[in-house]
Amino acid sequence: MVDLPPLREVIARHGLSASKALGQNFLFDEQLLDRIAAVPGSLEGKRVLEIGPGPGGLTRALLRAGADVTAIEMDRRCLPALSELTMAFPDRLRVIEGDALKLDHNELMGGEPFAILSNLPYNVGTALFTRWMGGELWPPQWTSLTLMFQQEVAQRIVAKPGMSAYGRLAVLAQWRAQARLAMKVHRSAFTPPPKVMSAIIHVEPGIMPKGVSARVLERVTEAAFGQRRKMLRQSLKGVPGALGALEALGLDTQRRAETLEVSDFVAIARKLS
Ligand code: SAM
């Protein structure tokens, strides 16, 4: 491994004070960063997309793990620090300046499979996750997602029926993928520490159930959880055919959305697709 200056020194030298607006909470602990980079399994020779490298803590861990990294960073202030890292790893690190929400990730990765790892900026985390998990095309080009979220959001992703955190995000994450909470990360691990605890979730694509449109499923869960305290006969009233589908499936229309299994939502969406 190339000898790199300590991260804190790099940050001080480039005057990288954390910007709240950009959701910047940096990680410095190398052991923790190596553990995060190990969550998807060996990255040796694998292509990785990282969103928001910031000063490059996780990027360094990914490079230590042997990955070929493409990193998208929006904050221009971080680019000089990152270009030092690119100089140390010219063949294995590519930094792209831009907004990850506006870029086509598959195109950026040249149509090849890739893993996604990121200590996500909290303000865009859910939007990116929804985009990666959505769409009709499955399996996706990414092979796994390893992402830092606020713990509350991570719990919504892995929640099971009956839990208060169970909702649209859980169905989206679980209907054709396996999602698990890989590790909790204490707020004190970050500089500056955020107000809340964080957690890493890991997602791997599974098999897409046959005959189900992602768009239709999204429409059903949006309506069902949009009025989560109401009975399904009320919340799904505006979705044509949904109540008939419930009856055909033997699902009681007096139930509430949070009592339905992910497979029930899939079955309803299949009837409507
Ligand atoms: N990866 C670093 C670490 O773990 O220490 C920094 C993580 S920090 C939570 C989030 C990073 O995402 C910041 O560097 C921020 O500038 C960047 N960022 C915020 N919004 C972004 C966007 N829309 N596209 C790309 N990067 C973004």
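**View 1. Residues nearest the ligand in this predicted model.** Among the 20 residues around the ligand, those that come nearest are Leu 27, Gly 52, Glu 73, Asp 99 and Asn 119, where near means that a heavy atom of the residue lies within 4 Å of the molecule. The model is predicted, with local features requiring pLDDT of at least 70 and side-chain atom pairs counting only at pLDDT 80 or more, while totals for chains, interfaces and linings use all residues. Residues are numbered from 1 along each chain as its sequence is written, and side-chain values use heavy atoms, with hydrogens and water left out.

**View 2. Backbone contacts to the ligand.** A backbone N or O atom of Leu 27 is placed 2.8 Å from a ligand oxygen atom, and a backbone N or O atom of Gly 52 is likewise 2.8 Å from a ligand nitrogen atom. A polar backbone atom of Gly 54 lies 3.4 Å from an oxygen atom of the ligand. Of the 600 Å² of accessible area that the ligand has on its own, the protein covers 98% (Shrake-Rupley method, 1.4 Å probe).

**View 3. Composition of the shell around the ligand.** The shell residues divide into 9 nonpolar, 7 polar and 4 charged, with Ala, Val, Leu, Ile, Met, Phe, Trp, Tyr, Cys and Pro counted as nonpolar, Asp, Glu, Lys and Arg as charged, and the others, Gly among them, as polar.

**View 4. Ser 118 and its partner Ile 51.** Ser 118 belongs to strand E5, residues 114–119 (strands are DSSP runs of E, at least two residues, numbered from the N terminus). Ser 118 is buried at a relative accessible area of 3% (buried is under 20%, with a 1.4 Å probe and protein chains only), and a polar atom of its side chain lies 2.8 Å from the backbone oxygen of Ile 51.

Terms used. A polar contact is a pair of N or O atoms within 3.5 Å; within protein, one must be able to donate a hydrogen and the other to accept it, and residues adjacent in sequence count only if both atoms are side-chain atoms. Helices (H or I, at least four residues) and strands (E, at least two) are DSSP runs, numbered from the N terminus. Buried means under 20% relative accessible area, exposed over 50%, partly exposed in between (1.4 Å probe, protein chains only).
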